[in-house]
Every structure is written in structure tokens, then in C-alpha cells.
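Good morning, colleagues. I should like to take you through one protein model, from its overall surface to a few individual residues. Please keep the sequence and the structure in view as I speak.

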Amino acid sequence: MGRAVELEKTRNIGIIAHIDAGKTTTSERILYYTGKIYKIGEVHDGNATMDWMEQEQERGITITSAATTCQWKDWWINIIDTPGHIDFTAEVERSLRVLDGAVVIFCAVGGVEPQSETVWHQADKYGVPRMIFVNKMDRVGADFFGVVEQMKERLSNSVVPIQLPLGKEENFSGVIDLIRMKARVYEGEDFGVTFKTTDIPEEYAKISKEYHDKLVEAISDVDDDVLEKYLEGKQITEEDLIWGIRKATLSYKIVPVLCGSAFKNKGIQFLLDDIGNFLPSPVDVPSVKGVNPDTEKEEKRLVRDDAPFSGVVFKIMSDVYVGRLSFLRVYSGVIKRGETVYNVSRGKKERITKILRMHANRRENIEEAYAGDIIAVVGLKDTVTGNTLCDEKVPIVFGLISFPEPVISLAIEPKTKKDEEKMGLALHRLAEEDPTFKLKYDTETGQTIISGMGELHLDVLISRMGREFGVEANVGNPHVSYRETIRKSVRQEGKYIRQSGGRGQYGHVWLDIEPQEKGKGFEFVNKIVGGSIPREYISTIEKGIIKELETGSLGGYQVIDVKVALIDGSYHDVDSSDIAYNVAASLAIRDGVKRADPVLLEPIMKIEVITVKEYMGDVIGDLSSRRGKVEDINERGKTHIIKGSVPLSEMFGYATGLRSLTQGRATYSMEPLCYKEVPGDIAKKLVGELELVSKK
């Protein structure tokens, strides 16, 4: 059949930003101008194409990463529109893992918000070249130059405008192109399709020259030809600048900044041009590295159709029509419908029954996909997010995608007996899709405990359970996901010996249990020498330890930041078994943790509140009453930004409280920061309440 477009002309990009910066509106305009849709949908009307889930349309926010493919001029652009709300940060993380470039959108009024910093650092982590679109230039309070300065202070010195706005607020009429040194002015009411190119108005001549020179200087640092022409006073052509900006963007030396108003249809065509001009194709990024599971050596995969097939599944989605959709980035080779591929992460073969090119929630059946493509496939039964698929004869495993641990939990139970089985199925389907959504069955209370990244996260998932799976559920109050750790080292014996006629059970271990530094997690060390415990039981002992650490001695919470060394033990030729050593290890850990001065830890959130000056004192006072710590206060125009940290347990219902405190004139955002020890009096109260519940 053959490739539809050259690999060099493919762009795999993400649109990322803080909530309400205008990502989805920008995506809608891109789809309109590239001919994918013929009527522009609006987020506020609830009919945006990329926000296709009912909750997205009702709430006006993006929840899942929608994937779409479109064509602009001779470029083939795969776009993933990601959520901006911190509760859905896993969606951004897994999308960035498979993208080659990103467009980061900032609001010209709000500037650099906390989640903007989070997604910027996520993009740094995966080495994603990016460009910036300063949106909402038509809004009251828009300040392009102020936002650029904020970016330099809080994100990177390498941001370089390649456009300037013509006017602002209601007078925003177009952009000044600093590459061609021309003005592009929009006229008429034709959704921004037509514009005229004119000379730069006289009042903008000086500032345009100043920023044009800054752009040339920035490019000179990475392009010797431009530097030579610049020093010799020769003319630097449009082609020189475009090539120089591309080179500098791909090497992370500059981040080009554009501006416009997606809502008013201004600046989108230039954004599309520059996605093609400056963001990488799959061949521009370094060859993806992985590990050969047979040799355990690092290998590379070239992004070529004639290379062995390899790809990463970065998202699983349940679909009412085709069932389980697996979103796949093809890194190398070709994949065909009906073929069998090898899931090297799980050691299983999977058959591809359908290959789909996605357009938000609509899809097109295709026969094959090539290196560099982002597609969805049907037929993968055992594959989960982060798994590597490849040719079984040439295996490779790509690095896993890391996700944050959930910080909030609540109990959920079906309203009727009829809903019980359906609820289990629905929750497992949702957990397959979302790695930050966890399930646990509490055997003592008979309740199902669900955990996630925030109140909104769990609210959306429960809502989806009702709408997509028809399950009605009773939901308890939210609970904070506390953790436990220990403060001192202990040595503990664990024995499990049973003799009741016939073959018995014999397991015996000695463990050294000690605290680790914060954030280090669990570490197991085998120090057995001389064969006091046979080697085949060591992994069983480790599993027993890990299982027991899931429920601590204070409140039954997971025990973290602990190092356990297996130092000694004994065995019986006949009676020793996996079960016996598993139980012995569990008993040793249970008793050892109780003796090791256990403490309760609570999740601390990083918080940023944006308010007007007159309510600042009230906001700070309220945060202090919630055990919050204010670390910094900045002014931004007429608003004040209060930054600090606060325990999650004190923040339930904060949105409503903040609204009434400031008459709706403040906004806030939170994201997980760390775990800290719960103050003694609060810890005693919490443990007392838990003991009371367990007695009932």
C-alpha cells in the first residue's frame, strides 16, 4: 500500500498548558483550518470536537488526551490535546513520553501558572523540543511582554519571541512577523481565514527592530553562517532565519514564542506554519533507546520503515463500539492489520485485529502503520500502559512511564446487588485506562476503596462509571491516603512452624529493618551466605515483606522508605516451602515495624492562590488555619500570588471556602509535593478514630 506521507514531513506534537489557557480552543481552530471539521466547536458551548466525553463538555475541561491527525500544506500532523488540571497529570506524562515536539500555550492574562511549570518540567524530563503560543491576546489585561518576562524568570532564559502582537485587548488586530519583518493584519469576519500583509506600522518599528536583533543574536549562537553574516553586516535572508530557528529549537537552545487569539481566530495559520517549520519530525529526534531482554544490553531503534517493528502503548481506552483501544506510537518498522506482535514487557503474543487512525472520538480503518505514526489498535488483551510491542525475533524493551502515587481515597459500594458485578468490571476497566487510579478491597469492612490524584479526578471517574457502564454506586467521604514509616532500626525474627501429621510447614528468617531517607522507597537486600536459606526461597521472602508493608501497624496504611536486609534463618529438608517462608517474612515485618517506632505520614500539597490585594490577609489567615505555610508572595499587575504548602487533609471543600472568602475573585491550584510526619496530637486522634472503626 505504501506510506501516505514522507517521514520528514510528519509531526507528532502535544498541546500542553495550565488549565483554561485555551488548549482545546486552539486545537479546534487547528482542526478547522486543516479541514478536519467544517464548523468550529466551542468549549463554553460544550461542543468542542477534542473534548468529546460528556463530562468534558459539561465541565469545560479536558480530561483525556484526545488524539487526532490532520494535514497542513505538505505536513502530516498528529496532535494530542492533553488536560491542564493537575488531577489528570498522568495523561500529560504518558503523552509526552511518545511525542517529538510540543506547543505550550500560555494565557496572555494569567501568564505562567503552577501547572505550566509542571508540564514544562515534564517536557524537560523527556527532552521534548517546544514552541510557545501566547493565547488570549484579545482579553482585558493581556500583557505579552509581561508573560515573556515571567517565562524567562520561572521557566527558561531561552524563550525568544518570533512574533509581536499588533495591539492588545479589544484592539488586538494581528501580529508582527519578526522573521520577515512584516505585519499581518486580520480583517473581516471570516474566522480569520484571510489577512493582509503590510509594512510594520511606524509606532511599532523601533520595538520590532529591537526584537528582530535579539532573535538574530540568539540564532547566531547556534548557526555559524548566520553569525558570519551578522558580524560582517551582510543581509540575513528569511531562509537563513527559518533554518537557524529550526536548528536552535531542535537543540533546545531557543524556544520560539508566537502570539494570537484562538477564540478570535487570529494567529492559528502562522502557528501551523511554524509547527511544520520548527518542530521535529521523527527522524530529527535521537533514535529511541531500549534494552535487549536476552542480552540485557542497550540497543537503539532507527526510525525507519525497514527496521524491525517496535512501539510503545501509551494509553488504553474503553470504547463502546470496538471495545479496548490501545494507543500506540510506532517507533520503527511497519505494523499490519491481522499481524501478531510480541508484548516483550509481559512475554505474550498479541494479535492486531484493527488499526485505526484517530480523529478525537471518530476513527478511520487503515491496513498498516509506519515508523513515526501514532495510531490506535484493537485486539490487545493483555497489554497495559507503558508496555513495549515488538518483533519477537528482535526483542527490545523501552523505558517505563513513571506515574505519581494517588493521594486521596474513598469507599464505594454498589447501590444494588445487581450492580455488584458490573461495578467490579467498570472499575477494572477504568483502572486499566488510568495508571493513577487504584483499587483495593477492604476485607474487614467489605468495601471497595478507590484512590486517585484529587477530588475532581475521583468525581469524574465515578461519573463515568454511571454513564458509560450504567453502574449506580454509594460513595463515602474522601479519605487522605496517609503513609507510615519507621524512625529506628530493629532486628526481628520470624518463624512459621506447623506440624500436624504428614508434611509440615517450616519457615524461619532473621531481618534487619531500618529507615531510609525520604522518597527512597523500599529496598530489599539479601545477605544470606553459606546457604542457611536456599536461594529458591529468597524471592518468596521478598514478596512476603512487600505484601506485609502494604498495611502498617498504626492505621493500616502502606509503609514507605524502609530498607530490609535478610541476614539469617534456617530451613528444613522436607517441611520448608514457599508458603512457610512467605508467612515467616510477613510475621517478622509485622512485629519488627511495631518495634521500630512507627510514625504516620500525610501528603503535603504545593499550593498557589491568585487573589486581589484586598483579600490577601483573609486568604493567608485561612491557609494558616489549615496548617498551611506561606513561602512566597508575588505581585502580578493588580493580583497577588501566594505560594506555599498545606496538608491535603485540611483542603477538602477549599474551592467553596475560597470563593465565599473572596467573593469569587480568587483562584487556586494544588499539586502533590511530599509526605511529612503528622503532628503528634493529630496522629493520636487519627489512630484513635481508626481503632474505633475497626472495633465496630
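Let me begin with the surface. About 31,300 Å² of the protein is exposed, and 49% of that area is supplied by carbon and sulfur atoms. I should say at once that this is a predicted model. The protein has 696 residues, of which 55% count as buried. Its secondary structure comprises 16 helices and 38 strands. As for the contacts with a separation of 6 or more, 72% of them involve residues 24 or more positions apart.

I turn now to the interior. Which residues touch the most other members of the largest nonpolar core? They are Ile77, Val103, Phe106, Ile132, Val134 and Met151, within a core of 74 residues. Helix H9, spanning residues 268–278, gives the most to this core, contributing six residues. Another core lies apart from it and has 42 residues, including Ile462, Val471, Ala473 and Val480.

Nonpolar side chains also appear on the outside. A surface patch is formed by Leu227, Tyr230 and Leu231, which together have about 280 Å² of accessible area. Tyr230 belongs to helix H7, residues 224–232. Is Tyr230 buried or partly exposed? Its relative accessibility is 34%, so Tyr230 counts as partly exposed.

Next, a hairpin. Strand E17, residues 340–343, and strand E18, residues 348–351, run antiparallel and are joined by four bridges. Within this pairing, Val341 stands opposite Glu350 of E18. Four residues lie between the two strands of the hairpin, and Gly347 in the turn has a positive phi of about 65 degrees.

My last example is Lys606, which is found in strand E35, residues 598–612. On the general point, side chains in a regular strand alternate between the two faces of the sheet. The relative accessible area of Lys606 is 37%, and therefore this residue is partly exposed. Which residues does Lys606 contact, once its neighbours within four places in sequence are left aside? The partners are Gly644, Ser669, Met670, Glu671 and Leu673. For one of these, Gly644, the position along the chain is 38 residues from Lys606, while the two C-alpha atoms are separated by 6.0 Å.

To close, I would return to the two nonpolar cores, one of 74 residues and another, lying apart from it, of 42. Thank you for your attention.

Terms used:
Residues numbered from 1 in each chain as written. Predicted model: local features only at pLDDT ≥ 70, side-chain atom pairs only at ≥ 80, totals over all residues. Heavy atoms only, no water. Core = buried A, V, L, I, M, F, W, Y, C linked by side-chain atoms within 4.5 Å. Buried < 20%, exposed > 50% of the residue type's maximum accessible area, 1.4 Å probe, protein only. Patch = residues over 30% accessible without salt bridge, like charges linked within 9 Å, V, L, I, M, F, W, Y side chains within 5 Å. Areas by Shrake-Rupley, 256 points an atom, 1.4 Å probe, with all protein chains shown as cover. Salt bridge = Lys/Arg side-chain N within 4 Å of Asp/Glu carboxyl O. Contact = heavy atoms within 4.5 Å. Pairing = 2+ DSSP bridges.
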